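Thanks for coming, everyone. I'd like to walk you through a structure that may be new to you, so have a look while I talk.

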Amino acid sequence: MANSYTNTALLDRNRPRKVVFYGRVSTEHEAQMSALGNQMQWYDDVATRFPNWTVVDKYIDEGITGTQARKRPSFMRMVKDGKTDKFDLIVTREVCRFARNTVDTLTYTRELRNIGVEVYFVDDNIWTLESDGELRLSIMATLAQEESRKVSDRVKAGQAISRQNGTLYGCGNILGYDLKRNIDDKGNWNPSENTYVINPEQAETVRMIFKMYAEKMGGMKIAKELTKEKRLNASGIVKWDAGTVMRILGNATYKGYIGYNKSRSNNYLDQKRINNHDADTYVLVKGDFEPIIPEELWDECDT
């Protein structure tokens, strides 16, 4: 392929093109998956307007965030394929489908442009080989990244409301409780109405742990006793160590509270979860479920 994007021949939109489509949805929710199917149909409709196009492939990332390109396997495979003369035009609906990170957007479009591969953002009407393509793309990419920041802020605001309402999250794999999910007649799940229901056999194991610790038994000794008694852990197997015991003793769920701020995202672009090991900064909210351990005993055993 030509390596100069100023080549006049490369600016001719009516020349024969080998085309691929790129589509992405950010969650695996059923409605989003349906939207992806509609997205692909939309691309097929666009192709009918360009008789000079030969569609050679479609690249789809399902249930993956757009904030970092390296986390999208289909996207990275597409970039790699672009270096093998497989195609010379990538068609994507809008800049935010391609990437929500300004640096990624410009880096990859420049890399592709330098090997003669153009990107066409249909809704934004941006062709990256054109003279003003990068300027317009920079503006749109910056707006897309700003939208990611706003989404992150909205999520944080929603989490704050969830803390106020005592919303339970997670898979509910906590020893002593079963998670009761609120699912309506249509199969919709409302996490704000989740609650814990005591699992009698598991709860007995939890009470044993607190009782033994209150009697001045250490974590290792308690683990050995649980193993001897063949008590099952939260995974349903007989496997105990001091660390597991101490984590149970430090879990405020057992006195009827929900713990928040145990982890956080490092930033809205990387979205890497970081565990918070400072228990003093946890936010505890009284739950609407029955405690397994009296508050006085939990506080006495607080590690």
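I'll go through one helix, then the cores, then a residue in a loop. Before we start, keep in mind that this is a predicted model.

Okay, helix α2, which covers residues 73-82. Which of its residues are buried? Those are Ser74, Phe75, Met78, Val79, Asp81 and Gly82. Now imagine looking down the axis of α2: the buried residues fall within an arc of 165 degrees, so they line one face of the helix. That fits with something you may remember about helices in general: an α-helix has 3.6 residues a turn, so residues three or four places apart point the same way. Over on the other side of α2, Pro73 and Lys80 are exposed.

And what covers that buried set? The cover includes the strands β1 (17-24), β2 (53-61) and β3 (89-92), along with the helices α3 (95-98) and α4.

Let's stay with α4 for a moment, residues 102-113. Its axis lies 10 Å from the axis of α2, and the two helices pack at an angle of about 25 degrees. That makes α2 roughly parallel to α4, since anything under 35 degrees counts that way. From the α2 side, Phe75, Met76 and Val79 come in, and they meet Tyr108, Glu111 and Leu112 of α4. Sort the residues of that contact by type and you get 5 nonpolar, no polar and 1 charged.

On to the cores. The largest nonpolar core has 29 residues, and Phe210 and Tyr254 are the ones with the most contacts inside it. Several elements each supply at least two residues, among them strands β6 (177-180) and β7 (195-198) and helices α7 (219-228) and α8 (242-249). The largest share, 6 residues, comes from α6.

So who does Phe210 touch, if we skip its neighbours within four places in sequence? The list is Ile248, Leu249, Tyr254, Ile293, Leu297, Trp298 and Cys301. Apart from this core lies another one, of 19 residues, and Phe75 is among them, as are Val20, Val95 and Val119.

Last stop: alanine 234, in the loop between α7 and α8. Is alanine 234 buried, exposed or partly exposed? With a relative accessibility of 31%, it counts as partly exposed. Leaving aside neighbours within four places in sequence, alanine 234 is in contact with Asn173, Ile174 and Leu175. Leucine 175 is 59 residues away along the chain, yet the two C-alpha atoms are separated by 4.5 Å.

That's my tour, thanks for listening.

Terms used. Residues are numbered from 1 along each chain as its sequence is written. This is a predicted model: local features need pLDDT of at least 70, side-chain atom pairs count only at pLDDT 80 or more; totals for chains, interfaces and linings use all residues. Side-chain values use heavy atoms; hydrogens and water are left out. Axes are lines fitted to C-alpha atoms, for helices over the stretch in contact, and angles run from 0 to 180 degrees between N-to-C directions. Helices (H or I, at least four residues) and strands (E, at least two) are DSSP runs, numbered from the N terminus. Angles under 35 degrees count as roughly parallel, over 145 as roughly antiparallel, 65 to 115 as roughly perpendicular and the rest as oblique. Contact means heavy atoms within 4.5 Å. Ala, Val, Leu, Ile, Met, Phe, Trp, Tyr, Cys and Pro count as nonpolar, Asp, Glu, Lys and Arg as charged, and the others, Gly among them, as polar. A nonpolar core is a set of buried Ala, Val, Leu, Ile, Met, Phe, Trp, Tyr and Cys residues joined through side-chain atoms within 4.5 Å. Buried means under 20% relative accessible area, exposed over 50%, partly exposed in between (1.4 Å probe, protein chains only). The arc is that of the directions from the helix axis to the C-beta atoms.
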